Amino acid sequence: MTAKVYTIASGKGGVGKTTTTINLGTALAGLGKRTIVLDADIGMANLGLTLGLEKSEVTLHEVLAGKANVKDAIYDGPNGLKVLPSGISLQGFQNADPEKMVEVMGSLVENYDFMLIDAPAGISKDGVIPLAIADEVILVVNPEITSVADAMKTKVLTEMIDSNVLGVVINRGGTTTTELSNEKVAKLLDCNILEVVPDDVNIRNALAFRMPLVVKYPESPASIAFKRLAASLAGMEMPDEDEEVVDKDGFVNRLSLALFGSKVPDETEEVVVKKGFLDRLALALFGGV
Ligand SMILES: Nc1ncnc2c1ncn2[C@@H]1O[C@H](COP(=O)(O)OP(=O)(O)O)[C@@H](O)[C@H]1O
Ligand SMILES: [Mg+2]
């Protein structure tokens with residue numbers, strides 16, 4: 001089965017893309033989904049750093065420079081999550097060719113259920129490719145006007161290149177009474193709220209241990225939010241404590257219908273899903289981007 005590719009994007013930096021990518025990816029892997037997270041923020045890479053993988057010699061940088069095979073740049077994360085980090089050196093960034101990213105992602109897509117791409121902030125060329133490749137773009141914003149205004153540009157750009165925004169994750173809400181309300185954020189961006197993740201000091205604590213929040217502090221408020229989002233993307237019900245995950249066929253199809261406008265693809269429908277992905281690959285490779 002071809003992976004569902006989600007690109008985690010924003011306008012502004014520092015809003016929580018990497019945090020969302022790691023925790024959503026780890027939670028999906030915890031649900032038994034074959035999941036890979038990929039650091040497409042090749043300039044300001046820190047996905048690997050959050051998992052203690054910063055000393056890895058082979059990273060996406062070397063793959064994009066044509067010096068290494070992608071298989072050697074994939075590392076094991078928690079819950080069986082696979083991680084494709086970028087290196088942290090400036091030299092490595094300079095040698096990396098962002099155009100090659102399309103090829104790399106294309107070579108991985110068959111092996112996973114979910115691929116999450118941690119996109120760079122802003123609207124640079126290396127940022128456009130992850131948007132073009134995504135089946136769905138998930139915007140991350142903080143409930144403040146600058147973050148939402150910048151996310152609007154990313155949304156417009158996503159739609160200009162014929163990709164689709166699934167919705168928005170509002171991160172770090174609930175700190176002041178003067179912040180934008182969730183409804184206002186959704187209205188300004190004209191998209192669904194997928195999840196609201198509260199400001200949670202345990203995120204910083206987990207980072208100090210180089211572990212995802214959902215593993216280190218599974219019951220903390222932000223963990224619950226990330227796990228709920230993972231369950232909804234996987235078409236599963238959020239498991240109660242000590243309970244097995246339930247994958248109800250009817251529920252999956254209803255959710256899929258609500259999210260994607262179609263039932264979960266069967267064997268024949270899968271071709272159509274693949275074609276969508278390949279079309280976007282072609283667009284990213286040969287024109288328009
Ligand atoms: N919900 C949250 N509560 C508290 N701190 C958070 C939360 N989300 C992110 N952070 C912190 O904010 C900083 C930026 O987050 P990060 O995920 O690296 O953003 P981005 O990838 O968008 O630049 C990090 O130090 C992270 O630990
Ligand atoms: Mg980041």
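**Exercise 1. The protein as a whole**

Among contacts in the protein between residues at least 6 apart in sequence, what percentage join residues at least 24 apart?

*Solution.* Begin with the material itself: this is a predicted model, in which local features need pLDDT of at least 70 and side-chain atom pairs count only at pLDDT 80 or more, while totals for chains, interfaces and linings use all residues. Residues are numbered from 1 along each chain as its sequence is written, and chains are lettered from A and ligands numbered from 1 in the order in which they are written. Next, fix the term: two residues are in contact if their C-beta atoms, placed from the backbone, lie within 7 Å. With this rule, 73% of the contacts between residues at least 6 apart join residues at least 24 apart. For the wider setting, the protein has 13 helices and eight strands, where helices (H or I, at least four residues) and strands (E, at least two) are DSSP runs numbered from the N terminus.

**Exercise 2. Strand β5**

Describe the burial of strand β5 and its pairing with β1 and β2.

*Solution.* Step one is the cut-off: a residue is buried if 20 or more other C-beta atoms lie within 10 Å of its own, exposed if 12 or fewer, and partly exposed in between, with C-beta atoms placed from the backbone. Of the 289 residues of the protein, 43% count as buried. In β5 (residues 114–118), five of the five residues are buried, so the strand is largely enclosed by the rest of the structure. Step two looks at the directions: Phe 114, Leu 116 and Asp 118 point one way from β5, and Met 115 and Ile 117 point the other way.

Step three turns to pairing, which requires that DSSP find at least two bridges between two strands. Strand β1 (residues 4–9) runs parallel to β5 and is joined to it by five bridges, with Thr 7 opposite Ile 117. Strand β2 (residues 35–39) also pairs with β5 in the parallel sense over five bridges, and here Asp 39 has Asp 118 as its bridge partner.

**Exercise 3. Helix α1 and ligand 1**

Compare the expected span of α1 with the distance between its end C-alpha atoms, and then find what surrounds ligand 1.

*Solution.* The expected span of a helix is 1.5 Å times one less than its number of residues. The 14 residues of α1 should therefore span 20 Å, and the end C-alpha atoms are 20 Å apart, which agrees. In α1, 14 of the 14 residues are buried, so this helix is largely enclosed by the rest of the structure.

A residue counts as near a molecule if its C-beta atom, placed from the backbone, lies within 6 Å of it. There are 17 residues around ligand 1, and Gly 16, Lys 17, Thr 18, Thr 19 and Ile 203 come nearest. The elements giving two or more residues to this shell are α1 (17–30), β7 (165–173) and α9 (202–208).

**Exercise 4. Leu 188 and Met 238**

Are Leu 188 and Met 238 buried, exposed or partly exposed?

*Solution.* Leu 188 lies in helix α8 (residues 182–189), and because it has 17 C-beta neighbours inside 10 Å, Leu 188 counts as partly exposed. Not counting residues up to four places away in sequence, Leu 188 touches Val 148 and Met 152. Met 238, placed in the loop between α11 and α12 (249–260), has 15 C-beta neighbours inside 10 Å and therefore counts as partly exposed. The C-alpha atoms of Met 238 and Lys 227 are 7.2 Å apart, although eleven residues separate them in sequence.
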